Amino acid sequence: MKIAETGDSTHLGVENGRREMSVPKMESSTVRFLAQTILFLFWSAMAVWAGEPTRTSPHGTNIFAPASTPAKSIADLSVFVLVITGIIFVVVFALLVYSVVKFRGRATDAGREPAQVYGSTQIELAWTIIPILIVVVLFLATARVIHAIQDAPEPTGSVQVTAIGHQYWWEFRYPKLGIVTANELHIPVSDLSHPTPTFLELLSADTDHSFWVPELGGKTDLIPNHPNRMWMDPQRTGVFLGQCAQYCGTQHANMLLRVSVDGPEEFASWVRAQQAPAIEDAGAIAGRRVFESNACMNCHAVDGTPADGRFGPDLTHLMSRATIAAGAAKNTHNNLRLWIQDPSAIKPGALMPAMKLSDADLDSVVSYMETLR
Amino acid sequence: MSAVTTSFPNTAAGWQLPSRGKVAMAGLIIAESAIFTIFVVAYLFYLGKSITGPTPGEVLETPIFYTICLLSSSLTIHMAAKCLARGIGFAFLGFWLLTIALGGLFLYGTAEEWHRLIYEHGLTISTNLFGTTYYSLVGLHGFHVTAGLVMLLTVAVLGLCGRIGIKQSGHIEVLSMYWHFVDAVWVVVFTVVYVLGR
Amino acid sequence: MSSNAITIPGTQIQARPWVDELHQWVTTVDHKRLGILYILSALLFLVIGGVEALVMRIQLMHAQNNFVSPQVFNRMFTMHGTTMIFFVAMPVLFGFANYLVPLMIGARDMAFPRLNAFSFWLSFLGGLLLYFSFVGGSGLYGAGNAPDVGWWSYAPLGARAFSPGHSSDYWTLALLVSGFGSIGTAINIIATVLCLRCPGMKISRMPLLVWLNLVMAGMVLIAVTPLSAAQIMLLIDRYLGGHFFDTQAGGSAVLWMHFFWIFGHPEVYILIIPSFAFMSEIIPVFSRKPIFGYPVMVGATVCIAFVSMSVWAHHMFTIGMNSYANSFFAITTMAVGVPTGIKIFNWIGTMWGGRIQFKTPMLFSIAFLFQFLVAGLTGIIQSSAPVDWQLSLSYFVVAHFHYVIVGGILFALFAAFYYWYPKMTGRMLSERLGKWHFWLFLIGFHLTFDVMHIPGVLGMPRRIYTYEPGRGWDTLNLIISIGAFIQAIAILVFVANLVISYFKGARAGNDPWDAWTLEWSISSPPPAYNFATVPTVASRRPLWDLKHPEDPDSRYE
């Protein structure tokens, strides 16, 4: 089984003579196609049977529904590996069942022992060499994908994001665009002929985390003092879900990810909106005063105001996000109020303290938050 | 169910198996080597990575004299074991006590060095990565020297009471294996800390 | 005449007062009793660890459930993992090794009986220390008690800054203490096997169980000690201000991972190799044939031991190693599958041409073969690093390792229980209850762990106390939880079998299975001294030679 290298390569286009990113496609075979179909039907059936929708908006978290090149090459490799291990399973299982059925002891045997066979060098050689060959094949397929994904060069059309993991939220910075946001990532859709992939640098402010959006790529950890790098080039628009995959403490389960893949105009307008400083709404002066005098600004930043805290999420465009508390709750008036009143009501163990605001202060600061579009 | 007579053929003569004390000590040495390897790996990995504080080159002084003490104690314990195997109790005790003295000197040397590092250079286990890895590695070794000295002292006391004779020479050999191990580890630690690390 | 009859010594059987009996057990240095103590303590922790699993499964039955708080859930998975590995699997395997190795080599006890006792009590103390944390420690944010850092306690989560209080220290100390116990037992096993074999039992004539426990013991010496070293480093960080894993001072969180997995991967082979040992003794007896390819089985095991020392970073494929490192660990992981597969083929080769008896030990053994095959294959799937970039840290991994540990190791252990219980107690376990145990557990196991692979593929990470509805995970988790309860019932049937058969089981006699190794040549239970006269052997199956003098193994070896 050789892996085809030319002709079938999935090219992502050449721009100004720069090296293209290419990930070799696996050699098509009937077996592989059948396996893919079966797998797709199986997973769809599982999801439907489980009562949950598979492809509504937002997208799901199915490894076998890849929407980006790294995710696709992993899915293809997975099918290849599954086919091989599946064949091994069928063969050995058949041998096992056969031996158990054919050589079962019968009452008529009583007392007589079967022929005492001690071994056979030829058979041992055969079932040593064949597995070694299988390992070689698997390894070659694997090494190819490892290098293609990890050593992919970064084209100049790419969007750069720095992701910083915190207990229990995601900080996203776009250094070249001057944007700081939290928890919900917006990236442009990438066209295979004119790729605009997103390259993420992964850092951590405290413990280990892991960035995992299955339909966009494999996961990579965020480890303090150990910067990591990953990329994705989503080829479909929509919202992709994921969450932290490395246990980071009490609320690890609620460190969710929403990646919004936008068309080029949508993305450009999102960028413009995020680059702007905070909207100044005269009706929210009271709330802003509560915010700035109650130590909120020790942790939170609102661009264009004195609030410049970095321990908690940037709130400049809080209302542009669909959820709060890293996906733990929808961004509604009531949830926002409850969150500020007592974070542990939504996310027990979150590091934001309850500020014990009076109802009046609470209402006015919520109104202020709601002006931060 | 079947009943089997337990009359096996006669014991074969000349069935020789290794001494269990030696095998056990070899096992312990293997296990301890693994522990030391991890500390050595950490030391080497963190060389040059301290963010602050004194560096090895600035503060370490090669303990040549005390190293010679420790390594010669391997020689003296070997002599002690040989003497005991030949039944020369007096010489055994002499070499044994010399071993303890040399080991004790080595420990004194470590203490002296640590005193200097702490009070003159302000290097402690919590100062920086070098401090952490240095004191852990050298300290772990020193701990093993101390444990060895305790065992050697116990034997010395028993020996002075006349309880160590040629019959105990197997046990003494096992103990000296441990002592040789401690010395071998020092060769590694010395090379890593005072030669490579600076 | 006075009614005070003169008692003739030796003719009166006096029931010993229970205090005396207890004292005998607590101070014993007899390998058989220590073996049983190991096994009983493991059973106790198995039940406790099982309850922890059930708590988690109830919480995960529905999305956004609140059966327990996140803090409690996080303690549950930490304690469940730690308990099962260190206080169930290790002790029970050491227990069987302790009991069987001297018997199988014709020795009267282990090489160092007092070290044996010391190692057991250290191990048990470790378990008590860990559970004391429920009352003595305090966890994240001082919110009380057991450790909640996961059984790997990744840096810097295990550091003082993120785990204030003492809960984490109980974890560290418990493992350090029981680790020393493990090293003691390993040294003992090696010394016993190398120095106490009966005349004629050359290394090439030892039963495979003895061989494999020797290899396991060697691995313990090299693999458990790195964990001890890492624990010491963690304690230095937490209490002496050290910076081993302090990323703010330039320390490396990744270094902890390397040290932990240099222990952690060989550890799982330390657990599976004795399970292979059970299979290699039981499958031949119930197929009525010798093991197929004895030298290859030994060679494959030694091969596994060596190669398994080079695969550890396959637990770290997602941490950002470079592509060369990822490729290296991928190929070594795939390579270790080759000798492992060879063993499966040899077991099938043993059954081939035999006359298989489907007694309970064999039922568990056959299930082991099927399940270990699947577990090994899901391991190979994950050995391909890019695939693992998706599957790592998800429920696919959880399904994989439970398939190995429950489907492989625990099934092999059940087989061992049914096979050797008669030798240890003199009574047969009930075949009827055994079959109930088997089928119930099989159904529960597959319901839980077959299905568990799917949420992983559908993106469900591990160690989460709750999950979003609408990801396709809900019904699957419900099924998984139901399977867990069925397994729990099966365990109760098993425990009932152990207890009832102790009093009511059929008498076993010396050799109820018509087997071939030395332990079946003495009474059940064996006398304290094991062998009245030290046996001499001339082949790998001394009892086969005695029962079949016309066709002894010694003619063919």
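**Exercise 1. The fold of chain C**

What percentage of the contacts in chain C with a separation of 6 or more is accounted for by residues 24 or more positions apart? Describe also the make-up and overall dimensions of chain C.

*Solution.* The structure is a predicted model.

Step 1. Residues 24 or more positions apart account for 80% of the contacts in chain C with a separation of 6 or more.

Step 2. Chain C contains 16 helices and zero strands. Its radius of gyration is 24 Å, close to the 24 Å given by the globule rule for 557 residues, so chain C is as compact as a globular protein of that length.

Step 3. Along the principal axes, the C-alpha atoms of chain C fill a box of roughly 80 × 65 × 45 Å. Of the 557 residues in chain C, 67% are buried.

**Exercise 2. Helix H9 of chain C**

Determine whether the length of H9(C) agrees with its number of residues, and establish its surroundings.

*Solution.* Step 1. Helix H9 of chain C covers residues 323-351, a total of 29 residues. At 1.5 Å a residue, counted over one less than the number of residues, the expected span is 42 Å. The end C-alpha atoms of H9(C) are 43 Å apart, which agrees with that expectation.

Step 2. A residue counts as buried if 20 or more other C-beta atoms lie within 10 Å of its own. By this criterion 23 of the 29 residues of H9(C) are buried, so the helix is largely enclosed by the rest of the structure.

Step 3. After H9(C) comes Gly353(C), which has a positive phi, near 80°.

**Exercise 3. The contacts made by chain C**

Which element gives the most residues to the side of chain C that touches chain A? Describe then the contact between chains B and C.

*Solution.* Step 1. The contact joins 80 residues of chain C to 81 residues of chain A. Several helices of chain C give two or more residues to this side, including H3 (70-104), H7 (253-287) and H15 (474-504). H9(C) gives the most, with 16 residues.

Step 2. By class, this side of chain C comprises 47 nonpolar, 27 polar and six charged residues.

Step 3. The contact between chains B and C takes 36 residues from chain B and 44 residues from chain C. On the chain B side, the elements giving two or more residues are H1 (20-46) and H5 (129-160). H1(B) supplies the largest share, 13 residues. The chain B side divides into 23 nonpolar, 11 polar and two charged residues.

**Exercise 4. A sheet in chain A**

In what order do the five strands of the open sheet in chain A lie? Examine its edges and strand E8(A).

*Solution.* Step 1. The order is E6-E12-E11-E8-E9, with mixed pairing. E6 (184-188) and E9 (220-222) of chain A are the edge strands, each pairing on one side only. From one strand to the next, the twist averages 30°.

Step 2. E6(A) pairs with E12(A), residues 256-262, in the parallel sense over five bridges. Here Ile187(A) stands opposite Val261(A). Helix H4 of chain A, residues 264-275, packs on the sheet and touches E6 and E12 of chain A; its direction makes about 130° with that of E6(A).

Step 3. E8(A) runs antiparallel to E9(A), joined by three bridges, and His209(A) stands opposite Leu222(A). E8(A) is also antiparallel to E11(A), with two bridges, and Trp212(A) faces Gln243(A) across that pair.

Step 4. In a regular strand, side chains alternate between the two faces of the sheet. In E8(A), His209(A) and Phe211(A) lie on one side, Ser210(A) and Trp212(A) on the other, and all are buried; both faces of the strand are therefore covered.

Technical notes. Residues numbered from 1 in each chain as written. Chains lettered and ligands numbered in written order. Predicted model: local features only at pLDDT ≥ 70, side-chain atom pairs only at ≥ 80, totals over all residues. Contact = placed C-beta atoms within 7 Å. Helix = DSSP H or I, 4+ residues; strand = E, 2+ residues; numbered from the N terminus. Nonpolar A, V, L, I, M, F, W, Y, C, P; charged D, E, K, R; others polar. Buried ≥ 20, exposed ≤ 12 C-beta atoms within 10 Å, placed from the backbone. Pairing = 2+ DSSP bridges. Axes fitted to C-alpha atoms, helices over the stretch in contact; angles between N-to-C directions. Rg over C-alpha atoms; globule rule 2.2 N^0.38 Å.
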